[in-house]
Amino acid sequence: MSPPPLLEVVGYGLGFLGSVAWIPQIYKIITTKKGDGLPLQMFLVVDVITTLISAFCIRSGFPYSMFLEVVLTNCQIFLIQVLARYYLADYSKMLGFIVFKLVYVAVLGLLPFNYVQLSMGCLLPVMIINRSREVYKNYKAKTMGKLNPTSLAIQQVQFTGRLITALFTDEAKGFMLPMCINVFFQTIVSIQYLIYGGEKINEKKE
């Protein structure tokens, strides 16, 4: 079933906007030359998830319009981790992460496709655990650290836009549950930022 043309344009436009969601965060890291105050463990899990989704969509032959922003988000998350580790002078973990990423991408490219499909089935509990930890950590710290509010707001738009298009796109019906969960948790995170604000902490290296 094809979505109404206007809704399709709006939905994909929002999805494309989300593809640049983390650029403000990258800009902040580069201009301040600081990588502290960021949930790098959370970013690592997001990187693993978005890399797997990208590999699955590419190998499934899905049209790029369905998942291009996931690939672009993955690239931005990767860059955030590298830059943050660099400015934290945590070079060993930075290099270790780069090597891990290269090996992970190679494995996903060479692994029989049925194993990639099987791995996709594990994403939902991993995503729920990761996002629950993120929400709890924000609640406990009563601050969002150095997360960029513009990036958070654009992500809210991205997830909501993708959910809209999924309602009218048969190929995306299988992603409805994780999309709904993403919108749910992102809404909580956005509300937390409005309540707690950012900065005010000096976190240890993760």
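Trainee: What percentage of the 206 residues of the protein count as buried?
Mentor: Keep in mind that this is a predicted model. Buried here means under 20% relative accessible area. Of the 206 residues, the share that passes is 45%.

Trainee: And what pattern does the protein follow along the sequence?
Mentor: The secondary structure comes to 9 helices and 0 strands. Read from start to end, that gives α-α-α-α-α-α-α-α-α.

Trainee: Which share of the contacts with a separation of 6 or more comes from residues 24 or more positions apart?
Mentor: A contact needs heavy atoms within 4.5 Å. Gln 76, found in helix 4, gives you a feel for it: leaving aside neighbours within four places in sequence, Gln 76 touches Ser 19, Val 20, Ala 21, Trp 22, Ile 23 and Ile 26. For the protein, the share from residues 24 or more positions apart is 85%.

Trainee: Sticking with Gln 76, is that residue buried or exposed?
Mentor: Its relative accessible area is 8%. The cut-off for burial is under 20%, so Gln 76 counts as buried.

Trainee: Let's do rings. How are the planes of Phe 56 and Phe 113 arranged: stacked or edge-to-face?
Mentor: The structure holds 7 aromatic pairs. In this one the ring centres are 5.7 Å apart and the planes meet at 10°. Planes under 30 degrees apart meet the rule, so the pair is stacked.

Trainee: How many residues apart are Phe 56 and Phe 113?
Mentor: Phe 56 is in helix 3 and Phe 113 is in helix 6, so to speak distant parts of the chain. Phe 56 is buried at 12% relative accessibility, while Phe 113 is partly exposed at 24%. Their separation in sequence is 57 residues.

Trainee: Which ring does the charged end of Lys 142 sit over?
Mentor: Not one from the cluster that ring pairs make of Tyr 86, Tyr 87 and Tyr 91. The charged end of Lys 142 is 3.9 Å from the ring centre, and that ring belongs to Tyr 139.

Trainee: On to charges. Which residue forms a salt bridge with Lys 146?
Mentor: The count is 4 salt bridges. Lys 146 lies in the loop between helix 7 and helix 8, and its partner is 110 residues away in the loop between helix 2 and helix 3. Both partners are buried. With 2.9 Å from N to O, the partner is Asp 36.

Trainee: Which helices hold Lys 101 and Asp 47?
Mentor: Their closest N and O atoms are 3.1 Å apart, in a salt bridge. Lys 101 is buried at 8% relative accessible area, and Asp 47 is buried at 0%. The pair ties together parts 54 residues apart in sequence, because Lys 101 and Asp 47 lie in helix 5 and helix 3.

Trainee: What is the N to O distance between Asp 90 and Arg 85?
Mentor: Both residues are buried. Their side chains meet in a salt bridge, with an N to O distance of 3.4 Å.

Trainee: Last one, on the surface: which helix gives the most to the nonpolar patch?
Mentor: The patch covers about 360 Å² and is made by Ile 58, Tyr 64, Leu 68 and Leu 72. Leu 72 is partly exposed, at 32% relative accessibility. With 3 residues, the top contributor is helix 4.

Note on methods
Residues numbered from 1 in each chain as written. Predicted model: local features only at pLDDT ≥ 70, side-chain atom pairs only at ≥ 80, totals over all residues. Heavy atoms only, no water. Patch = residues over 30% accessible without salt bridge, like charges linked within 9 Å, V, L, I, M, F, W, Y side chains within 5 Å. Areas by Shrake-Rupley, 256 points an atom, 1.4 Å probe, with all protein chains shown as cover. Helix = DSSP H or I, 4+ residues; strand = E, 2+ residues; numbered from the N terminus. Buried < 20%, exposed > 50% of the residue type's maximum accessible area, 1.4 Å probe, protein only. Phe/Tyr/Trp six-rings, centres within 6.5 Å; stacked < 30°, edge-to-face > 60°. Lys NZ or Arg CZ within 6 Å of the ring centre and 35° of its normal.
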